[in-house]
Amino acid sequence: MSKDNQLLEELTSKEYEHGWTSNIEMESAPKGLNEDIVRFISAKKNEPEWLLEWRLKAYRQWAKMVDPKWPNVTYPEINYQDVIYYAAPKQKVKPKSLEEVDPELLKTFEKLGISLTEQKRLTGIAVDAVLDSVSVATTFKEKLGELGIIFCSFSEAVQEHPELIKKYLGSVVPMNDNYFAALNSAVFSDGSFCYIPKDVRCPMELSTYFRINAANTGQFERTLIVADEGSYVSYLEGCTAPQRDENQLHAAVVEIYAMKGAQVKYSTVQNWYPGDKEGKGGIYNFVTKRALCAGDHSKVSWTQVETGSAITWKYPSCILKGDHSSGEFYSVAVTNNYQQADTGTKMIHIGKHTKSRIVSKGISAGHSQNSYRGQVHIMKRAEGARNFSQCDSLLMGDKCGAHTFPYIDVENNSAKVEHEATTSKIGEDQIFYCLQRGIDEESAVALIVNGYAKEVLNQLPMEFAVEAQKLLALTLEGSVG
Amino acid sequence: MLSIKNLHAKIEDNQILNGLNLEVKPGEVHAIMGPNGSGKSTLASVLAGREEFEVTEGTVEYQGKDLLDLAPEERAREGVFLAFQYPVEIPGVSTINFMKTAVNQVREARGQQPLDAVSFLGLMKEKMKLVEIDQSLLNRSLNEGFSGGEKKRNEIFQMAMLEPKLAILDETDSGLDIDALRIVANGVNKLRDKNKGIIVVTHYQRLLEYIVPDFVHVLYKGKIVKSGTKELALELEAKGYDWIKDEVAVV
Ligand SMILES: Nc1ncnc2c1ncn2[C@@H]1O[C@H](COP(=O)(O)OP(=O)(O)OP(=O)(O)O)[C@@H](O)[C@H]1O
Ligand SMILES: [Mg+2]
């Protein structure tokens, strides 16, 4: 109940609240991309030879590819030679404990409401904080270690657990999967790695917090989650960036590997800087997220609340390979002003009796364009597969657009696929009803929109749900009346 | 407490209210009757501040203030409540959540602390009893899939929660079964006191047996053409509106 109150309080503040930059000494690569840059990054990270080779191979493939033109978004040609591919906070020696981390860095995260220091660690969420592609600090490590859970930065995992990285890196999203995944594979600088051992239920939420800080710098982080047989983990991801006039590139890859009976819940609240009211600046968010339900009875659930970015191109997907495995996708995507989002999911049913469920809630306001793009593919072998998709669009005003592109491909006759779609407008009647009860317009919109998105918000862990509700309200401020 | 003088209002190019006068004093209950389309709901909407209706002439004074000058939510916070003829559905928002937002925003506007969850629940239980409404209904999405009668009862519950000074009930009796009618009327009567004004829009004399009005007015073609006491309602029930229409035509 108190979350509604918080929501109302938050409604008084306007505009993007994470738009500040911090003064942290940085070390960067020169602008542009070539094999030397790839080598530079790999050397900086002290990587083994095989990983450098892997990156170079990805780079060579990328160099031959062109960026996808099929999404329903428009943006000027990106000059990939004008981007900085590596920037890291300058740390003299690698910190062994939080006490050694640059206080300015800690302050940056404190300001975002993410405390990495001791006292607030008690909140029970383990955090890996990533600033400009480099993991800054991971909390709760020892405690998780006792259970055999590995949760650390990607770079650290490369050093400490090379056998796991070698085995699973690229096992779900091949390096040449698509243009942006190839780019990421060549230049990724850090991210999070997580391994949950057999039959372990991770006792706390694991969370990665991404922050872009440096100007002109692309952020290419990589997350790899491996859930061993019968394990469970809930993973959260949050993102913010400063307000800048120029667009910034973000191309991340997330891979989830779920073994027999494993369950992974992955939640994102994406709040990259969306650009200003005229559509200037903002993050180009091109992300590849995919889960492989490799084992029987495994289950992966994606929940996303997408409120930020100038452009979002993102399709968290599930490959349902194990028999009886299941995939879920719950999404709220809000666009306002000149934002463009082309987002959805792919559910690939390979195993028998695989199940998938898609609930997508698009909300468009201002001059924005919001597209749902989803594919449900039932392969020949997927006896008794089932899918249910619900795609709703809510329009605010008459200058925005909502589009739905469902692709359904059924190769097995025993499959059951259901698709429902609705488009509605936020009603004057609904708003007036709220006003008549003494509720102001902004709160009325927040109430109606949160009601509309409830089914998805309910999937989020509590703390995240509160933040997500606030974000929805914030994003839509000033979009009616 | 409410003084409407020479009120004219239109929507798009349709002139609906044509010089309406009405005076409501604290403690009074006024019933407004009149044929379909005569402008009863329009009057209610104008008083509540619905923007689509344009006031072209006239004044409305409410507790010494120019009511027409206030935004709809300000009117609500000043104690104006409208029980809608057609309550609106808001999917995914429970009545409880809705009321909590409303009650606390009204309190905030009045410089009061918001109610904490426990006090809110206490208030809710008390009012639930008053209008004999079930909590399961209040947990559901607001008005979504409610029966006609449930919607009306929910309006009265909201009225009880917000404790308005001026309540306008637009055909709250329509669609109610006999028991519900009695319960709703009871609810209204319990709120009735010397400081509150109530306007009841109805087509049926029956409601007025439960909520006994001080005055009955007939609204016809956007004007109050006849006023009287509760006997007028009986007369209308017996004779219909034709004789009034004739009277108006003669004048
Ligand atoms: N949005 C609108 N556009 C055009 N005309 C309207 C609009 N709303 C109301 N009217 C007209 O205004 C007139 C008065 O309507 P109103 O709803 O006030 O009547 P009423 O007295 O409440 O009737 P009822 O007893 O049927 O509820 C009607 O002729 C109606 O058609
Ligand atoms: Mg009416």
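Student: What makes R50(B) and D429(A) a salt bridge?
Tutor: The closest N and O atoms of R50(B) and D429(A) are 2.8 Å apart. The cut-off for a side-chain nitrogen of Lys or Arg and a carboxyl oxygen of Asp or Glu is 4 Å, so this pair qualifies. Keep in mind that this is a predicted model. The count between chain B and chain A is two salt bridges.

Student: Which parts of chain B supply the side that touches chain A?
Tutor: At least two residues each come from α2 (72-77), β6, β7, α3 (95-109) and α6 (148-162) of chain B. The most come from α3(B), with 10 residues. By kind, the residues on this side of chain B are 19 nonpolar, eight polar and seven charged.

Student: How many residues are in contact between chain B and chain A?
Tutor: On the chain B side there are 34, and they are in contact with 23 residues of chain A. About 2,500 Å² is buried between the two chains, and carbon and sulfur atoms give 62% of that area. Across this interface there are also 13 residue pairs in polar contact, with both residues at pLDDT 80 or more.

Student: Let's turn to the metal. What makes S41(B) and Q85(B) donors of the magnesium ion (ligand 2)?
Tutor: Their atoms, OG of S41(B) and OE1 of Q85(B), lie 2.0 to 2.2 Å from the ion. The limit here is 2.8 Å, so both count as donors. The two residues are 44 apart in the chain, with S41(B) in helix α1 (residues 40-48) and Q85(B) in the loop between β6 (80-83) and β7 (90-94) of chain B.

Student: Is each of these donors buried or exposed, and how do you know?
Tutor: Q85(B) has a relative accessibility of 17%, and buried means under 20%, so Q85(B) is buried. S41(B), at 27%, falls between the 20% and 50% limits and is therefore partly exposed.

Student: Over to chain A. Why is S325(A) called buried?
Tutor: Its relative accessible area is 0%, which is under the 20% limit, so the word applies. S325(A) sits in the loop between β16 and β17 of chain A, and its side chain reaches the backbone oxygen of G322(A) at 2.7 Å. Beyond its neighbours within four places in sequence, S325(A) is in contact with several residues, including C293(A), H297(A), L320(A) and H353(A).

Student: What is notable about the phi of H297(A)?
Tutor: Phi of H297(A) is positive, about 60°, although the residue is not a glycine. H297(A) is in the loop between β13 (282-293) and β14 (299-306) of chain A. H324(A) also has a positive phi, near 60°, and belongs to the loop between β16 (317-320) and β17 (326-335) of chain A.

Student: Why is H324(A) called partly exposed?
Tutor: The value is 39%, which lies between 20% and 50%, so partly exposed is the right term. Contrast P76(A): at 56% this proline is over the 50% limit and therefore counts as exposed. P76(A) is in the loop between α3 (49-63) and β2 (87-89) of chain A.

Student: How do you know that D177(A) forms a salt bridge with R290(A)?
Tutor: Their closest N and O atoms are 2.7 Å apart, within the 4 Å limit, so the pair counts. D177(A) is in the loop between α7 (162-168) and α8 (179-187), and R290(A) is in strand β13, so the bridge ties together parts of chain A that are 113 residues apart in sequence. R290(A) is buried at 11%, whereas D177(A) is partly exposed at 29%.

Student: Why are K239(B) and E235(B) separated by about one helical turn?
Tutor: Because they are four residues apart in helix α9 (residues 230-239) of chain B. K239(B) forms a salt bridge with E235(B), with the closest N and O atoms 3.0 Å apart. Both are partly exposed, K239(B) at 47% and E235(B) at 31%.

Student: How many salt bridges does the structure hold over all chains?
Tutor: There are 27. One of them pairs D82(A) with K31(A), whose closest N and O atoms are 3.2 Å apart. D82(A) and K31(A) are 51 residues apart.

Definitions and conventions. Residues numbered from 1 in each chain as written. Chains lettered and ligands numbered in written order. Predicted model: local features only at pLDDT ≥ 70, side-chain atom pairs only at ≥ 80, totals over all residues. Heavy atoms only, no water. Donors = N, O, S within 2.8 Å, 3.2 Å for Na, K, Ca; no water. Buried < 20%, exposed > 50% of the residue type's maximum accessible area, 1.4 Å probe, protein only. Contact = heavy atoms within 4.5 Å. Buried area = accessible area lost by both parts, 1.4 Å probe. Polar contact = N/O pair within 3.5 Å; in protein donor to acceptor, adjacent residues only side chain to side chain. Nonpolar A, V, L, I, M, F, W, Y, C, P; charged D, E, K, R; others polar.
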